[in-house]
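The report below goes through one protein model, beginning with a pair of strands and moving on to the overall fold and to individual residues. Please keep the sequence and the coordinates at hand while reading.

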Amino acid sequence: MIMIKTPEEIAKMRVAGQAVAEILELLRTAISPGISTLALNAIAEEECKKRSAIPVFKNYPHSREGGKPFPAAICTSINEEVVHGIPGERSLQEGDIISIDFGLILNGYAGDAAITVPVGEVSKEALRLIKYTEKALFKGIHEARIGNKLGQVSHAIQKYAEEHGFSVVREFVGHGIGRKMHEAPLVPNYGRVNQGPYLKEGMTIAIEPMLNLGARNVFTKADDWTVVTKDGKLSAHFEHSIAITARGPEIFTLS
Ligand code: MG
């Protein structure tokens with residue numbers, strides 16, 4: 001069931017979303033050659049503590065029975081890693097791109113967002129991938145309006161991505177968000193305009209396209225979490241949590 005939020009709930013989600021945006025901006029600033037992904041995670045955990053926010057990714061249960069829960073507050077996915085990379089000792093190198101996905105719960109409501117950031121100087125094709133992944137997200141957000149179907153959001157993302165020569169990951173999708181990080185409905189980044197539920201005032205969703213430089217195919221590594229491209233080519237990921245309002249889409253996690 002898709003939960004419709006009251007204006008009071010929307011106000012709380014705005015606060016949670018702003019905390020996510022602030023922390024992601026701190027992480028963006030900290031990204032430079034030499035820093036480890038574990039050090040980035042420590043910043044996120046510290047910032048949650050300061051705000052009495054719960055980092056929701058930490059100990060998030062695995063969807064596969066017997067799979068181990070996610071061990072950190074942020075997902076750090078470098079280069080060919082698509083999503084769900086686990087922070088560790090690995091240090092960022094000049095020329096890498098890193099996506100950071102981060103969610104928290106503050107005063108009972110969730111916020112969730114992701115950014116992809118170049119580490120120092122990166123290739124032209126890497127920069128182009130980052131730029132168009134973020135633009136594809138905004139193409140989707142633009143369609144998140146009362147009276148549109150969810151498929152219009154999905155289709156806009158896919159169309160824009162493919163028109164610019166990128167492929168769209170299908171195995172992982174966006175989601176409703178509210179009291180929990182993951183609620184109904186699923187928000188695919190591909191599809192047809194006439195698919196999915198009609199969007200209504202008070203729906204809150206996280207839209208999160210993952211675009212690949214090569215083919216769309218991905219697999220999950222032996223650590224149970226890290227998703228990588230099959231062809232080893234670069235992938236980028238952007239996400240915002242938004243509300244459908246009478247004035248159009250409101251982005252909670254815009255910095
Ligand atoms: Mg999400």
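## Strand pairing and backbone details

Strand β4 (residues 97-106) and β5 run antiparallel and are joined by ten bridges. The model in which this pairing appears is a predicted one. Within the pair, L104 is the residue that stands opposite G111 in β5. The hairpin of β4 and β5 has two residues between the strands, and N107 takes a positive phi near 50 degrees there. Strand β5 itself covers residues 109-118, and because nine of its ten residues are buried, this strand is largely enclosed by the rest of the structure.

A second hairpin is formed by β14 and β15, again with two residues between the strands. Here strand β14 (residues 240-245) and strand β15 (residues 248-251) run antiparallel and are joined by four bridges, and T245 stands opposite G248 in β15.

Which residues does F238, in the loop between β13 (235-237) and β14, touch once its neighbours within four places in sequence are left aside? The contacts of F238 are with A114, I115, T116, I130, T133, E134, L137, I207, E208 and P209. The C-alpha atoms of F238 and A113 are separated by 7.1 Å, although the two residues are 125 residues apart along the chain. With a relative accessibility of 3%, F238 counts as buried, because the cut-off for that class is under 20%.

Some backbone angles also deserve attention. Most residues other than glycine have a negative phi, and most peptide bonds are trans. The table collects the residues with a positive phi, together with the place where each is found.

| Residue | Phi | Place |
|---|---|---|
| N107 | near 50 degrees | hairpin of β4 and β5 |
| S52 | about 50 degrees | loop between α2 (37-50) and β1 (54-55) |
| D224 | about 80 degrees | loop between β11 (218-220) and β12 (227-229) |

Neither S52 nor D224 is a glycine. Is S52 buried or exposed? Its relative accessibility is 66%, and S52 therefore counts as exposed, given that this class begins over 50%. As for the peptide bonds, A184 and P185 are joined by a cis bond with an omega of about 0 degrees, and P185 is found in strand β8, which comprises residues 183-187.

## The protein as a whole

The protein has four helices and 15 strands. Its radius of gyration is 17 Å, close to the 18 Å that the globule rule gives for 255 residues, so the protein is as compact as a globular protein of that length. Along the principal axes, the C-alpha trace spans about 45 × 45 × 35 Å.

Of the 255 residues, 54% count as buried, and the accessible surface comes to about 11,200 Å², of which 53% belongs to carbon and sulfur atoms. When the contacts with a separation of 6 or more are considered, residues 24 or more positions apart account for 70% of them. With regard to charge, the protein carries 29 positive and 30 negative charges, and the mean positions of these two sets are 5 Å apart.

Notes. Residues are numbered from 1 along each chain as its sequence is written. This is a predicted model: local features need pLDDT of at least 70, side-chain atom pairs count only at pLDDT 80 or more; totals for chains, interfaces and linings use all residues. Side-chain values use heavy atoms; hydrogens and water are left out. The radius of gyration is taken over C-alpha atoms; the globule rule is 2.2 Å times the number of residues to the power 0.38. Buried means under 20% relative accessible area, exposed over 50%, partly exposed in between (1.4 Å probe, protein chains only). Contact means heavy atoms within 4.5 Å. Accessible areas come from the Shrake-Rupley method with a 1.4 Å probe; for residues, only the protein chains shown count as cover. Lys and Arg count as positive and Asp and Glu as negative; His and the chain ends are not counted. The place of a charge is taken as NZ of Lys, CZ of Arg, CG of Asp or CD of Glu. Two strands pair if DSSP finds at least two bridges between them.
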